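Student: Please take me through one part of this model in detail, beginning with a single pair of facing residues and working outward from there. I should be grateful for each term to be explained as it arises.

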Amino acid sequence: MTRVDIAADLNSEDETGFVWTFLDEAEDPSVIRPGEVVVAGSPLTPAVCEVIDLVDKPVGTIVHLRVLPGTIEQYRRLLARVGV
Amino acid sequence: MSTDGREELRRRVRVDEAPPADAAVVIRGGPDTLSLLSAHARRLHRAFVLDGEPVFGVSVFVALDDLGPASERGILSGKLRTYPSIYRCTAGELSDRGLTLLPTFVRPHYTIVLPNLGAVDALATALGRLLPNPYAEA
């Protein structure tokens, strides 16, 4: 089962059209920075995502995520192919 | 905004949109567990109130058009392309179980409003069995 950097429901979008979740749901919040590529979702539904921004709100810091094309397995095959 | 800082979800409801027909197709990427559905419902609860009251809800997409990004194919090959598996039911199957579809945020996103957190059982039943997404990325 895949460990995700940040728990999220990838079905869940807000007014930005991006997926949203809370920063404190991250395994290591220091990883969650704009432009960073992370694995988000759940262990059952992981996906590679780009962190768009972090928005401070009274209820907590909201993280917006863009789901990137490709599966984790495709990224794994890519890295193996180029020898990383 | 509520006194505890939660945002009013009603402000994010698309008011000029007719309710989906009972036959409208509702789609959600999966798989889910009751625990996951509860976690997602609690996340909405933490961020929003509805008409000033606490709210639990889970996100779905509704096929609103025959073609394009808000069609069933468009949703499956677009927003849900990373999901090899999906749930598919109808708006009528949700309302039969006392679950309300609210057109929230950007079309074709909807929030299924749960009367309480225990209603995730009814939601899971309404969503039905897991199906393959024929348009998922390999």
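Tutor: Let us begin with Val55(A), which stands opposite Ile62(A) in strand 5 of chain A. The model is a predicted one, in which local features need pLDDT of at least 70 and side-chain atom pairs count only at pLDDT 80 or more, while totals for chains, interfaces and linings use all residues. Residues are numbered from 1 along each chain as its sequence is written, and chains are lettered from A and ligands numbered from 1 in the order in which they are written.

Two words are needed at once. Strands (E, at least two residues) and helices (H or I, at least four residues) are DSSP runs, numbered from the N terminus. Two strands pair if DSSP finds at least two bridges between them.

Strand 4 and strand 5 of chain A pair in the antiparallel sense over 8 bridges. A hairpin of 2 linking residues carries the chain from strand 4 of chain A to strand 5 of chain A. Strand 5 of chain A, residues 60-67, is also joined to strand 2 of chain A, residues 19-22, by 4 bridges, and these two strands run antiparallel. Within that second pairing, Thr21(A) has Val63(A) in strand 5 of chain A as its bridge partner.

Next, consider one residue of strand 4. Ala47(A) has its place in strand 4 of chain A, which spans residues 45-57. Is Ala47(A) buried or exposed? A residue is buried if 20 or more other C-beta atoms lie within 10 Å of its own, exposed if 12 or fewer, and partly exposed in between, with C-beta atoms placed from the backbone. Ala47(A) is buried, because 26 other C-beta atoms lie within 10 Å. Two residues are in contact if their C-beta atoms, placed from the backbone, lie within 7 Å. With its neighbours within four places in sequence left aside, Ala47(A) is in contact with Leu10(A), Ala40(A), Gly41(A) and Val67(A), and also with Thr82(B). Arg76(A) is 29 residues from Ala47(A) in sequence, and their C-alpha atoms are 12 Å apart in space.

The rest of chain A gives these strands their setting. Chain A has 5 strands and 1 helix, in the order β-β-β-β-β-α along the sequence. Helix 1 of chain A covers residues 72-81; of its 10 residues the number buried is 0, so this helix lies largely in the open. Gly83(A), with a positive phi near 75°, follows helix 1 of chain A. For chain A as a whole, 36% of the 84 residues are buried. Among contacts in chain A with a separation of 6 or more, 49% are between residues 24 or more positions apart. Along the principal axes, the C-alpha atoms of chain A fill a box of roughly 45 × 25 × 25 Å. The radius of gyration is taken over C-alpha atoms, and the globule rule is 2.2 Å times the number of residues to the power 0.38. Chain A has a radius of gyration of 13 Å, which agrees with the value near 12 Å for a compact globule of 84 residues.

The contact between Ala47(A) and Thr82(B) leads to the other chain. In all, 22 residues of chain A are in contact with 21 residues of chain B. On the side of chain B that touches chain A, strand 2 (25-30), helix 1 (34-47) and strand 5 (56-62) of chain B each supply at least two residues. Helix 1 of chain B gives the largest share of that side, 5 residues. By class, this side of chain B has 8 nonpolar, 7 polar and 6 charged residues; here Ala, Val, Leu, Ile, Met, Phe, Trp, Tyr, Cys and Pro count as nonpolar, Asp, Glu, Lys and Arg as charged, and the others, Gly among them, as polar.

Strand 5 of chain B contains Val60(B). This residue is buried, because 25 other C-beta atoms lie within 10 Å of Val60(B). Beyond its neighbours within four places in sequence, Val60(B) is in contact with Asn11(A) and, in chain B, with Val26(B), Ile27(B), Arg28(B), Tyr110(B) and Ile112(B). Val60(B) and Arg88(B) are 28 residues apart along the chain, with 9.8 Å between their C-alpha atoms.
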